[in-house]
Amino acid sequence: MEKITRAKRMENIHSDIRGTLFMEAMEMQAQGSEILKLNTGNPAAFGFGLPESIEHALEHHIREGVGYCDFKGMPKARIAICEYERSKGIRGITPEDVFVGNGVSEVISFALLPLLDKGDEVLVPSPSYSLWGNSVYMADGKPVYYICDEKADWYPDIADIRSKITKRTKAIVIINPNNPTGMLYPREILLELIGIAREYGIMIFADEIYDRLVMDGLEHVSVASLAEDIPVVTMNGLSKSHFLCGYRCGWMVMSGPKNLTEDYRQGIVQLTSMRLCANALAQIVIPAALEDMETPFSMVKPGGRIYEQREVAVGELEKIDGLSFVKNNSAFYIFPKLDVKKFHITDDKQFARELLHETNILIVPGSGFDWNCPDHFRIVLLPEAGVLRDAIKCMGKFLDGYRQR
Ligand SMILES: Cc1ncc(COP(=O)(O)O)c(C=O)c1O
């Protein structure tokens with residue numbers, strides 16, 4: 001028998017959040033080192049506990065999740081999701097337009113697979129959470145990365161997007177707020193992006209998983225609420241807002257002109273029905289979670305953990321010579337820039353490895369977010385303020401005098 005090798009489509013797949021460096025960190029941990037894992041946005045790992053609203057919903061409805069449920073999702077869950085998305089201003093949708101999945105991670109594939117033929121292009125932000133680029137590759141498509149401009153608060157660079165549209169462009173991905181930048185886009189930027197979609201006849205994928213984690217009095221606007229005439233698939237879930245990463249609970253809702261998307265929708269029906277249903281236990285909590293906005297909102301206002309931890313982190317980062325950053329206004333990530341000349345950095349993975357071995361702190365280098373300069377890294381701002389302060393101080397010490405060889 002010959003060796004069994006990976007399919008060609010795996011060549012470009014990279015998952016650096018849990019990649020080689022993570023494995024190395026796990027190895028160090030197994031040998032007794034205490035590793036501070038600032039690599040994943042997993043609130044429960046940092047003491048964000050099960051919200052009471054969710055616990056009650058589980059207690060009262062646990063028996064409802066025993067059998068396979070509707071392949072699109074439990075009716076009660078879809079009604080609640082539909083109401084939530086309508087409350088965000090998305091018009092013309094019904095619970096029939098909602099598909100529930102095992103996390104946004106799963107619904108992304110349900111959205112891409114029925115759309116793309118080999119070589120079709122999807123505009124994906126750089127930097128962005130690598131699931132998006134990876135999922136386009138997995139669907140035999142080609143991610144074409146458009147720049148989000150650090151000098152303009154990490155907003156998408158409209159000219160760059162225009163220059164990258166070709167006859168093969170099928171869709172544009174808008175992640176708002178974005179990961180790893182933790183930045184929210186204002187209405188004007190969304191309108192410009194929608195204008196491009198309208199002009200070139202491309203559909204929009206809107207990943208809005210951080211929409212309830214917006215700080216500084218800002219308001220999240222759903223792309224689909226401004227784009228009634230364009231097919232938009234809006235994605236969201238409970239991993240971040242209610243800290244339920246492990247429940248694997250996400251959804252997508254299709255809006256826009258139904259007459260244009262009926263065939264595509266049938267593709268989604270084929271895929272979702274093929275896998276029977278999403279985890280029913282997780283769906284049981286959706287109505288309660290979407291009524292409980294206090295859980296996310298209490299975290300992002302002054303005094304709330306996510307807000308206060310960001311304040312502490314930013315205060316410490318400001319003290320580090322050779323680092324600059326845009327203060328994040330959403331989510332729990334920041335994406336600082338290293339002075340490449342000062343530190344002689346040519347390889348961000350090497351930087352992250354050296355940081356890990358010297359300080360026991362695990363971060364993800366910018367290249368893990370499809371950012372193609374070796375000058376950035378992402379910090380997860382989820383640890384308690386004191387831990388975060390010490391960790392960033394420690395990074396500062398490491399960087400003091402650091403020169404890559
Ligand atoms: C932008 C973005 N989309 C999707 C996901 C995955 O979410 P889920 O846990 O619902 O699969 C993440 C996780 O970090 C994310 O940052």
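This briefing covers the ligand site and the domain layout of one protein chain. The model is predicted. The chain is divided into two parts, domain 1 and domain 2. The ligand takes up the space of the largest pocket, and the protein covers 95% of the accessible area that the ligand has on its own.

**Ligand shell**
- The ligand has 13 residues around it.
- Among these, Val 104, Ser 105, Asp 207, Tyr 210 and Ser 239 come nearest.
- By class, the shell holds six nonpolar, four polar and three charged residues.

**Polar contacts to ligand oxygen**
- Ser 105 places a polar side-chain atom 2.5 Å from an oxygen atom of the ligand.
- For Ser 239, a polar side-chain atom lies 2.7 Å from a ligand oxygen atom.
- Lys 240 has a polar side-chain atom 2.8 Å from an oxygen atom of the ligand.

**Cover of the ligand**
- On its own, the ligand has 400 Å² of accessible area, and the protein covers 95% of that area.
- The pocket that holds the ligand is the largest pocket.

**Domains**
- Domain 1 is built from two segments, 8-49 and 298-399.
- Domain 2 spans 52-292.
- The centres of domain 1 and domain 2, taken over C-alpha atoms, are 26 Å apart.
- Domain 1 gives 35 residues to the contact, and domain 2 gives 32 residues.

Methods. Residues are numbered from 1 along each chain as its sequence is written. This is a predicted model: local features need pLDDT of at least 70, side-chain atom pairs count only at pLDDT 80 or more; totals for chains, interfaces and linings use all residues. Side-chain values use heavy atoms; hydrogens and water are left out. A residue is near a molecule or strand if one of its heavy atoms lies within 4 Å of it. A polar contact is a pair of N or O atoms within 3.5 Å; within protein, one must be able to donate a hydrogen and the other to accept it, and residues adjacent in sequence count only if both atoms are side-chain atoms. Accessible areas come from the Shrake-Rupley method with a 1.4 Å probe; for residues, only the protein chains shown count as cover. On a 1 Å grid over the protein atoms alone, a cavity is a set of points where a 1.4 Å probe fits but cannot get out, and a pocket is an open set with protein on both sides within 12 Å along at least five of seven lines; lining residues have an atom within 4 Å of a point. A molecule sits in a cavity or pocket if more than half of its atoms lie within 2 Å of its grid points. Ala, Val, Leu, Ile, Met, Phe, Trp, Tyr, Cys and Pro count as nonpolar, Asp, Glu, Lys and Arg as charged, and the others, Gly among them, as polar. Domain bounds come from an automatic or database domain assignment. Contact means heavy atoms within 4.5 Å.
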